[in-house]
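The following report is meant for a reader who is meeting this protein for the first time. It begins with one residue and its contacts, and then moves outward to the core, the sheet, the loops and the whole chain.

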Amino acid sequence: MSGYDDIKEEVKASNDIVDVVSNYVRLKKSGRNYMGLCPFHSEKTPSFNVRPDNQFFYCFGCHAGGDVFTFISKIENMTFNESLQFLAERANIKLPENRNFDDPQTKLKEKMFAIYADSTLFYHERLYKPLAKIAQDYVRKRKLNSATLEQFKIGYSGESDELYNFLRNKRIYRQRD
Ligand SMILES: [Zn+2]
């Protein structure tokens, strides 16, 4: 039987995030990414960003972000297990029976991955902010082009408690389950 990660990866690879999100949000191409009105908070100017290259979404307004499973869980109000089933069905992938991906170990792992993904994006976004001038000068000196910065998600860390505050403000990390 394939492991949890294999199944998850297979389902993920068969559900392009731009495709999936397009069923809920009208997306417009913007450079290599797509922008639209965020479905998770009320707004008039698009700040909802979908990135085909790393298969992530991120909202600059409400900081909602994650992969295609996070998106479906949030928008359909589903557990991770339900979103996995939903997306497997969408891609005609048969899941092994009697496996509950909502078990505590799996959930914990999910949450850890979500924290990594959020932290990566958090630092990466900061690299382009005015306060990161010292880092921008440095990457220019090292001749790192924007494709490299994007691919390796190079980021900038300023104050020591900024990530802590950012994650603390995200309600999901305060939930016990
Ligand atoms: Zn939003």
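## A residue and its surroundings

Leaving aside the neighbours within four places in sequence, Val-68 is in contact with Lys-12, Asn-15, Ile-17, Val-20, Gln-55 and Leu-87. This description, like everything that follows, rests on a predicted model.

Val-68 also belongs to a wider group, since it is one of five residues, together with Ile-17, Val-21, Phe-57 and Phe-71, that touch the most other members of the largest nonpolar core, which holds 23 residues. At least two residues of this core come from each of α2 (17-22), β3 (48-51), β4 (56-59), α3 (68-75) and α4 (80-90). As a general background, nonpolar side chains tend to be buried together in soluble globular proteins.

## The sheet

The strands form an open sheet of 5 members in the order β1-β2-β3-β4-β5, and their pairing is antiparallel. Because β1 (28-30) and β5 (65-66) stand at the edges with a single partner strand each, one side of each is left without a neighbour in the sheet. In general, the strands of a sheet pair through backbone hydrogen bonds, either parallel or antiparallel.

Strand β2 (residues 33-36) pairs with β3 in the antiparallel sense over 3 bridges, and β3 is in turn joined to β4, also antiparallel, by 4 bridges. Some of the residues that face one another across these strands are set out below.

| Residue | Partner | Strand of the partner |
|---|---|---|
| Gly-36 | Phe-48 | β3 |
| Asn-49 | Tyr-58 | β4 |
| Val-50 | Phe-57 | β4 |

The hairpin of β3 and β4 has 4 residues between the strands, and in it Gln-55 takes a positive phi near 60°. Gln-55 has already appeared above, among the contacts of Val-68.

Where does Val-50 lie, and is it buried or exposed? Val-50 is in strand β3, and it counts as buried because it has 25 C-beta neighbours inside 10 Å, where 20 or more are required. Apart from its neighbours within four places in sequence, Val-50 is in contact with Ile-17, Val-18, Val-21, Leu-27, Asn-33, Tyr-34 and Phe-57. Among these contacts of Val-50, Ile-17, Val-21 and Phe-57 were named above as residues that touch the most other members of the core. The C-alpha atoms of Val-50 and Lys-29, which are 21 residues apart along the chain, are separated by 9.3 Å.

## Two loop residues with positive phi

Most residues other than glycine have a negative phi, and against that background two loop residues deserve a mention. His-63, found in the loop between β4 and β5, has a phi near 65°, a positive value in a residue other than glycine. With 18 other C-beta atoms within 10 Å, His-63 is partly exposed.

Asn-92 is placed in the loop between α4 and α5 (104-127), and its phi, near 55°, is likewise positive in a residue other than glycine. Asn-92 counts as exposed because it has 7 C-beta neighbours inside 10 Å, and a residue with 12 or fewer is classed in that way.

## The chain as a whole

The secondary structure of the protein chain comes to 8 helices and 5 strands, and from the N terminus on the elements run α-α-β-β-β-β-β-α-α-α-α-α-α. The chain is divided into domain 1 (1-101) and domain 2 (103-177), whose C-alpha centres lie 19 Å apart. Between them, 12 residues of domain 1 are in contact with 10 residues of domain 2. On the side of domain 1 that touches domain 2, β4 and β5 each supply at least two residues, and the residues of that side divide into 5 nonpolar, 5 polar and 2 charged.

How does the overall size of the chain agree with that of a compact globule? For 177 residues such a globule would have a radius of gyration near 16 Å, and the protein chain has 17 Å, which agrees. Along its principal axes the C-alpha trace spans about 55 × 35 × 35 Å. Buried residues make up 20% of the 177 residues, and among contacts between residues at least 6 apart in sequence, 46% join residues at least 24 apart.

Notes. Residues are numbered from 1 along each chain as its sequence is written. This is a predicted model: local features need pLDDT of at least 70, side-chain atom pairs count only at pLDDT 80 or more; totals for chains, interfaces and linings use all residues. A nonpolar core is a set of buried Ala, Val, Leu, Ile, Met, Phe, Trp, Tyr and Cys residues joined through C-beta atoms within 7 Å. Two residues are in contact if their C-beta atoms, placed from the backbone, lie within 7 Å. Two strands pair if DSSP finds at least two bridges between them. Domain bounds come from an automatic or database domain assignment. Ala, Val, Leu, Ile, Met, Phe, Trp, Tyr, Cys and Pro count as nonpolar, Asp, Glu, Lys and Arg as charged, and the others, Gly among them, as polar. The radius of gyration is taken over C-alpha atoms; the globule rule is 2.2 Å times the number of residues to the power 0.38.
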